[in-house]
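Trainee: I would like to take a close look at one part of this structure, going slowly and step by step.

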Amino acid sequence: MIEVKELTKIYKSRKSGNCTALDHISFTLPDKGFVFVIGKSGSGKTTLLSLLGGLDTITSGEIIENGRHIDKFGLKEQVYYRNSTIGFIFQDFHLIDELTISENIALALELRGETDKDKIKKALIDTDLAEYENRYPKELSGGQKQRVAIARALVKRPSIILADEPTGNLDSKTTAQILDLLKELSKEKLVVIVSHNLSDAEHYADEIIELSDGKILQHLKRNEDFDARLRVENDTLVIPYGEKLTDENLNTVNSELSNIDIKSVKQDSDRFLPYENTRECESKTESEPLEKKHLKFKHTTNFR
Ligand code: ADP
Ligand code: MG
């Protein structure tokens with residue numbers, strides 16, 4: 001579990017003045033699951049990830065990972081934490097062009113004084129890259145390169161994977177493959193991903209944290225009781241939020257329309273619920289929260 005309390009990050013600069021990238025945010029993350037961090041450019045997503053991963057220093061507040069105070073780490077502990085607990089994945093892969101795929105992965109282990117061919121093999125197999133181990137990054141597609149980056153993160157057996165827009169440079173089919181892989185990993189680990197894509201978040205996320213101007217606009221949790229069936233409840237025809245109107249659904253609608261007992265139609269909208277522990281933002285921001293934007297988005301795609 002990661003507890004974040006009143007986390008603040010101010011970038012100090014003599015030239016351009018101070019910039020408050022994160023402003024007293026508090027939330028808790030579970031040991032495993034797929035958490036999407038969304039928000040406009042400049043809202044603090046990358047800053048949040050780098051603080052969670054011990055890549056940068058905190059201005060004030062606390063980050064406690066399974067009882068360990070990340071905010072109080074010295075340099076040595078911080079490096080150890082990065083090398084043992086965290087796996088990073090970046091939009092532009094960060095692979096070393098002069099090294100083969102398996103050498104790129106091996107480097108992650110060498111940085112902490114290990115060589116273990118079996119671990120490297122396993123990471124290659126887990127990411128479906130076994131046949132590419134002797135190739136160089138430039139001989140791979142974008143999706144394959146991102147899988148190498150995931151293998152390099154996995155080989156350290158981290159308990160937390162932090163991915164900053166890992167599909168930003170990929171086409172939609174490859175994006176789905178990478179997100180499927182990360183979703184699979186999130187059954188055993190905590191995977192925190194920064195994304196711009198609301199429908200990916202809707203499809204894959206267990207939790208969504210929306211940032212705006214360094215504050216949490218909302219923190220949502222997938223509703224486990226969500227009923228995806230189009231159904232009749234008493235005198236109401238319930239259309240589940242975000243579901244496609246299939247031929248089967250249309251048949252139900254049409255047959256129920258001839259049923260005089262139907263008095264109303266409603267769209268069920270509880271796919272995500274507010275996360276109970278989230279504190280309210282201190283000041284109201286002008287941004288619209290996800291749900292409203294999202295409903296608009298869904299209406300246009302659903303009934304085409
Ligand atoms: P996002 O990833 O959501 O686009 P960032 O976390 O990168 O947002 O940035 C949040 C804010 O902090 C922005 O206003 C950005 O300009 C500022 N910022 C980010 N990194 C630095 C830095 N190293 N120095 C100064 N300001 C920074
Ligand atoms: Mg960013």
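Which residues surround ligand 1?

Mentor: Please keep in mind that this is a predicted model. Ligand 1 is surrounded by Tyr11, Cys19, Ala21, Lys40, Ser41, Gly42, Ser43, Gly44, Lys45, Thr46 and Thr47. If you sort the residues of this shell by character, you find three nonpolar, six polar and two charged ones. Two elements, β2 (19-29) and α1 (45-52), each contribute at least two residues to the shell, and α1 provides the largest share of it, namely three residues.

Now look at individual atoms, beginning with Ser43, where a backbone N or O atom lies 3.2 Å from an oxygen atom of ligand 1. For Thr46, an N or O atom in the side chain is 2.8 Å from an oxygen atom of the ligand, and for Thr47, an N or O atom in the side chain is 2.5 Å from an oxygen atom of ligand 1. As for how much of the ligand is covered, ligand 1 taken alone exposes 560 Å², and the protein buries 59% of that.

To put these contacts back into the picture of the shell, Ser43, Thr46 and Thr47 are among the residues that surround ligand 1, and each of the contacts described above involves an oxygen atom of the ligand: for Ser43 the partner is a backbone atom, whereas for Thr46 and for Thr47 the partner belongs to the side chain.

Note on methods
Residues are numbered from 1 along each chain as its sequence is written. Chains are lettered from A and ligands numbered from 1 in the order in which they are written. This is a predicted model: local features need pLDDT of at least 70, side-chain atom pairs count only at pLDDT 80 or more; totals for chains, interfaces and linings use all residues. Side-chain values use heavy atoms; hydrogens and water are left out. A residue is near a molecule or strand if one of its heavy atoms lies within 4 Å of it. A polar contact is a pair of N or O atoms within 3.5 Å; within protein, one must be able to donate a hydrogen and the other to accept it, and residues adjacent in sequence count only if both atoms are side-chain atoms. Accessible areas come from the Shrake-Rupley method with a 1.4 Å probe; for residues, only the protein chains shown count as cover. Helices (H or I, at least four residues) and strands (E, at least two) are DSSP runs, numbered from the N terminus. Ala, Val, Leu, Ile, Met, Phe, Trp, Tyr, Cys and Pro count as nonpolar, Asp, Glu, Lys and Arg as charged, and the others, Gly among them, as polar.
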